[in-house]
Amino acid sequence: MSIPDKHKKSYNSLKSWYSESNPSERNELVELIIIGSGTGTPSLRRGSPGLVVLSDSTKLLMDSGPGALRKMLEVGITYQDPDLLLYTHIHPDHVSDLVPILFACKYADLPRKKDLLCAGGPGFKSYFEKLNGVYGHWIAPQSYQLTVKEIAQEGLAYRDLKILSKPMAHISESAGYRIEFKDGKSMAVSGDTDYCQNIIDLGFEVDLLVLECSFPDGKKVEGHLTPSLAGRIALESRCKKLLLTHLYPVCDQFDIVGQCKKIYQGEIILGEDLLRIKS
Ligand SMILES: [Zn+2]
Ligand SMILES: [Zn+2]
C-alpha cells in the first residue's frame, strides 16, 4: 500500500525542516502563525491555543494545547523546530501538548538535536517537575539540552528577542508577554485574562496586540474577555493592530469584530487556525 501524497508531504516537510541548519535563511520578517484560535471546548473550526512566532533568529511556540503538535505540521513546523516554548498558564487547553512534544523529541529516527528552552510564569518549574514525576525518562531529553525557566518580571533576553512578562487576571500562575524584536517591532500576548492594567501596560503601543476574546458581549465569564473589553484594552494600550483569538464556539454566532469595533477603531483581525500575520 502506498502512502497518500498528503502524508508524504508532512513526512518530507519533517525531514526538510530537520535538515535546515540556518533559521535566518527563512525570512527577515517577524511572522505570527495561529496554530489554534479556539479553547478547550472541542470545535472543528478552531483548535486549542497555539501561536508560532518566527523572527530571523528564533522560532517560538507560545502555548501548545491539545492537537497543536499535529496542527503545526500543516505549516511545516515540527517538534524539531521551536527554539523556545513559552507558556501563558497551565490550564490543559494551553499546555497539554507539551508532553507529546517532549516525547516526540525522543523519536529514534529523527531525535531532536538543538537546545530547547521551555518557560512559563510563576509555578511553571514546579508544574514541570510534577510532569517529570509522572513521565520520567519518557520525556527526559537524551539528544538535546533542555532548560526549564520561570520568566520573572525583569524579563528574559533570548537571542534577538526581549521578553517581558506580567501576571494576568485569570489564575495565579498566568502570565502575559510582550516580545520586542531587534528591528524595533513588538507584540504582546495576553493568554487568558480578564480586563487588567497589566495587559494594557504590556501592550503599550505595540505593533500587534493578541488578546483572548472568549465570549461575546452579554455572555461574559469571569477571568475572560469579551469583544468590548478587548476593544477597551486595545484603545487604552494604543496598540497598532489587534488580533482576537481564544474564541469559544459561541463566538462564531456573533459579530465579534463588530462588537469590538464599537470601542476600538484600529485594525482588528479575527483569529482563524493557520492564519499568518507578517509584521
Ligand atoms: Zn484557555
Ligand atoms: Zn485558562
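Reader: Which side chain does Glu 180 meet in a salt bridge?

Author: In general, side chains of opposite charge can pair when their charged atoms come close. Here, the side chains of Glu 180 and Lys 162 form a salt bridge with 3.7 Å from N to O, the term being used for a side-chain nitrogen of Lys or Arg within 4 Å of a carboxyl oxygen of Asp or Glu. This pair links distant parts of the chain, since Glu 180 is in strand E9 (residues 175-180) and Lys 162 in strand E8 (residues 161-167), 18 residues apart. Helices (H or I, at least four residues) and strands (E, at least two) are DSSP runs, numbered from the N terminus.

Before we go on, please note that this is a predicted model, in which local features need pLDDT of at least 70 and side-chain atom pairs count only at pLDDT 80 or more, while totals for chains, interfaces and linings use all residues. Residues are numbered from 1 along each chain as its sequence is written, chains are lettered from A and ligands numbered from 1 in the order in which they are written, and side-chain values use heavy atoms, with hydrogens and water left out.

Reader: How many salt bridges does the rule give, and which parts does the pair of Asp 252 and Arg 45 tie together?

Author: The count comes to 15 salt bridges. In one of them, Asp 252 and Arg 45 meet at 3.4 Å, N to O; Asp 252 lies in the loop between strand E12 (241-245) and helix H8 (256-261) and Arg 45 in the loop between strand E1 (31-36) and strand E2 (50-54), so the pair ties together parts that are 207 residues apart in sequence. Asp 252 counts as partly exposed because its relative accessibility is 31%, and Arg 45 counts as partly exposed at 41%; buried means under 20% relative accessible area, exposed over 50%, and partly exposed in between (1.4 Å probe, protein chains only).

A further salt bridge joins the side chains of Arg 238 and Glu 205 at 2.6 Å, N to O. Salt bridges that share partners also join Arg 45, Arg 46, Asp 252 and Glu 272 into one network.

Reader: How should I read a helix such as H5, and which of its residues are buried?

Author: An α-helix has 3.6 residues a turn, so residues three or four places apart point the same way. In H5 (residues 124-135), the buried residues are Phe 124, Tyr 127, Phe 128 and Leu 131. They lie on the same side of H5 because they cover an arc of only 100 degrees around the axis, the arc being that of the directions from the helix axis to the C-beta atoms. On the other side of H5, Glu 129, Lys 130 and Gly 133 are exposed.

Reader: What follows H5?

Author: H5 is followed by Gly 136, whose phi is positive, near 50 degrees.

Reader: Which residues coordinate the zinc ion (ligand 2)?

Author: Ideal angles at a metal are 109.5 degrees for four tetrahedral donors. The zinc ion (ligand 2) is coordinated by His 89 (NE2), His 91 (ND1), His 170 (NE2) and Asp 192 (OD), at 2.1 to 2.4 Å; donors are N, O and S atoms within 2.8 Å of the metal (3.2 Å for Na, K and Ca), and water is not among the atoms, so sites may look incomplete. Asp 192 also bridges the zinc ion (ligand 2) and the zinc ion (ligand 1), which lie 3.5 Å apart.

Reader: Is His 89 buried or exposed?

Author: His 89 counts as buried because its relative accessibility is 2%, whereas His 91, at 29%, counts as partly exposed.
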